[in-house]
Amino acid sequence: MNRLFPRPVNGFLAAYSWMLCSATGRVAAFGLPPAIGVELTNCCNLHCPECSTGSGQMTRAGSFMDLKLFDKIIAELGKYLYYISLYFQGEPMMHPAFFSFISRSRRINTIVSTNGHYLTPENASRIVKSGLNKLIVSLDGMDQETYSTYRIGGELKTVLDGIKNVHDAKKRSASPLKLQIQFLVNKRNENQIDIARHFASEMKASFRIKSMQIINPSEYEKWIPSKRSFSRYQKNNGIYTIKNSFPTNCARLWFNPVITWDGKVLPCCFDKNADHVLGDLNEDTFRDIWNGPRYKLFRKSILSGRQMIDICRNCTSGMRNVVT
């Protein structure tokens, strides 16, 4: 691979691989992924009922990523990556070495998503000076009762104060950090979208509405919002199904894998419980895993029948006319 321009060359190879496979149905993967997700921890301070971690439905062990493992990831992939997301399941800011991870990924566009409960004035100041490119803060209601309906155990005032802390720290230091407020829309909070959007404007933050993933089949009626474009699901003959035609050219298998806190390589961010481990970085290099037999077999299964794979049944890739 070109040593002078590894990122653009690698990005081209990833795109070419995906288009070739989509067009021919043959499995190929040239280069390495241009983006990855890294799970700093799958532990969380909240108990959100439709989250694998928060609901207690996650069966894999909970702990924190070792910095040595992260160093290996950066050493192997850093020069090829355009983006690295330091979150998957859990609350990343709970990691005792949270800022050390950001420091190690400074040369890559780095994104963190948080529930906002650790954005103290001191942490906010450190974040805006850390080299982090984008901070996403979940804000799913504009009064405590509404907010805590989903963010069980959360304190709205703490989150609002945390967002203000980041805004103020950005202003003081003229930081280029991008601040985004994310609103997970559901039946209980959809009437507060405009209030949240106004707050985001006041904080000089972008605002994103996100549809809600539901993992408990009995809870659809409780959470699905009234506006169709806010829901990933539709009801047919009394049964809820996802609004997805499941195109076989899902790009996640070529562009954006996920690495769990303990080094397991997963196909994408929809494999919450690591049911499809494609390799272990404690045993192999990422390149060997990426080009290995398990990855090839999984890519082939995506190309031949994506709708048959369990983790794909809640996936938003290929979905249209729905906020994702």
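Start with the buried face of helix α6. Its buried residues are L156, V159, L160, G162, I163, N165, V166, H167, A169 and K170. Keep in mind that this is a predicted model.

What do those residues pack against? The buried residues of α6 pack against three helices, α4, α5 (144-150) and α7 (193-202). They also pack against two strands, β4 and β5 (178-184).

Now the length of that helix. Helix α6 covers residues 156-173, which is 18 residues. At 1.5 Å a residue, the helix should span 26 Å. The C-alpha atoms at its ends are 26 Å apart, so the model agrees with the expected span. Just after α6 comes A174, with a positive phi of about 55°.

Next, α4, one of the partners I just listed for α6. N123 sits in helix α4. Is N123 buried or exposed? Its relative accessibility is 17%, and the cut-off for buried is under 20%, so N123 counts as buried. Leaving out residues up to four places away in sequence, N123 touches M93, F99 and Y118.

Move on to the loop that follows. L132 is in the loop between α4 (121-129) and β4 (134-138). L132 has a relative accessible area of 5%, so this loop residue is buried. Which residues does L132 touch, not counting those up to four places away in sequence? The answer is I102, T110, I111, V112, I127 and L177. For a sense of scale, take L132 and I311. They are 179 residues apart in sequence. From C-alpha to C-alpha, the two are 30 Å apart in space.

On to the cysteines. How many disulfides are there? The count is zero. Take C250: the nearest cysteine sulfur belongs to C315 and is 4.9 Å away. A disulfide needs the sulfur atoms within 2.5 Å, so C250 is in no disulfide. C250 is buried, at 6% relative accessibility. C312 is in no disulfide either. For C312, too, the nearest cysteine sulfur is that of C315, here 6.0 Å away. C312 also counts as buried, with a relative accessibility of 6%.

Now charges. Side chains of opposite charge can pair when their charged atoms come close. How many salt bridges does a search of the whole structure find? It finds ten. I will go through some of them.

First up, helix α7. R197 forms a salt bridge with D194, and the closest N and O atoms are 3.0 Å apart. Both residues lie in helix α7. They are three residues apart, about one turn of the helix. R197 is partly exposed, at 38% relative accessibility. D194 is exposed, with a relative accessible area of 57%.

Next pair: E219 and K222. Their side chains meet in a salt bridge, at 3.9 Å from N to O. The cut-off is 4 Å, so this pair counts. E219 is partly exposed, at 22% relative accessibility. K222 is partly exposed as well, at 35%.

Then E221 and K235. This salt bridge is 3.2 Å, N to O. E221 lies in helix α8 (residues 220-223), and K235 lies in strand β7 (residues 233-236). So the pair ties together parts that are 14 residues apart in sequence. E221 is partly exposed, with a relative accessible area of 43%. K235 is partly exposed too, at 46%.

There is a network to point out. D262, K264 and D280 are joined into one network by salt bridges that share partners.

Last stop, the surface. Which residues form a nonpolar patch there? They are F12, Y16 and F30. Together they have about 330 Å² of accessible area. Y16 lies in helix α1, residues 6-24. Y16 is partly exposed, with a relative accessible area of 40%. Patch members need over 30%, so Y16 clears that cut-off.

To recap the main stops. Helix α6 has the span expected of its 18 residues. L132 is buried, although it is found in a loop. The disulfide count is zero. The salt bridge count is ten. And F12, Y16 and F30 make a nonpolar patch on the surface.

Note on methods: Residues numbered from 1 in each chain as written. Predicted model: local features only at pLDDT ≥ 70, side-chain atom pairs only at ≥ 80, totals over all residues. Heavy atoms only, no water. Patch = residues over 30% accessible without salt bridge, like charges linked within 9 Å, V, L, I, M, F, W, Y side chains within 5 Å. Areas by Shrake-Rupley, 256 points an atom, 1.4 Å probe, with all protein chains shown as cover. Helix = DSSP H or I, 4+ residues; strand = E, 2+ residues; numbered from the N terminus. Buried < 20%, exposed > 50% of the residue type's maximum accessible area, 1.4 Å probe, protein only. Contact = heavy atoms within 4.5 Å. Expected span 1.5 Å × (residues − 1).
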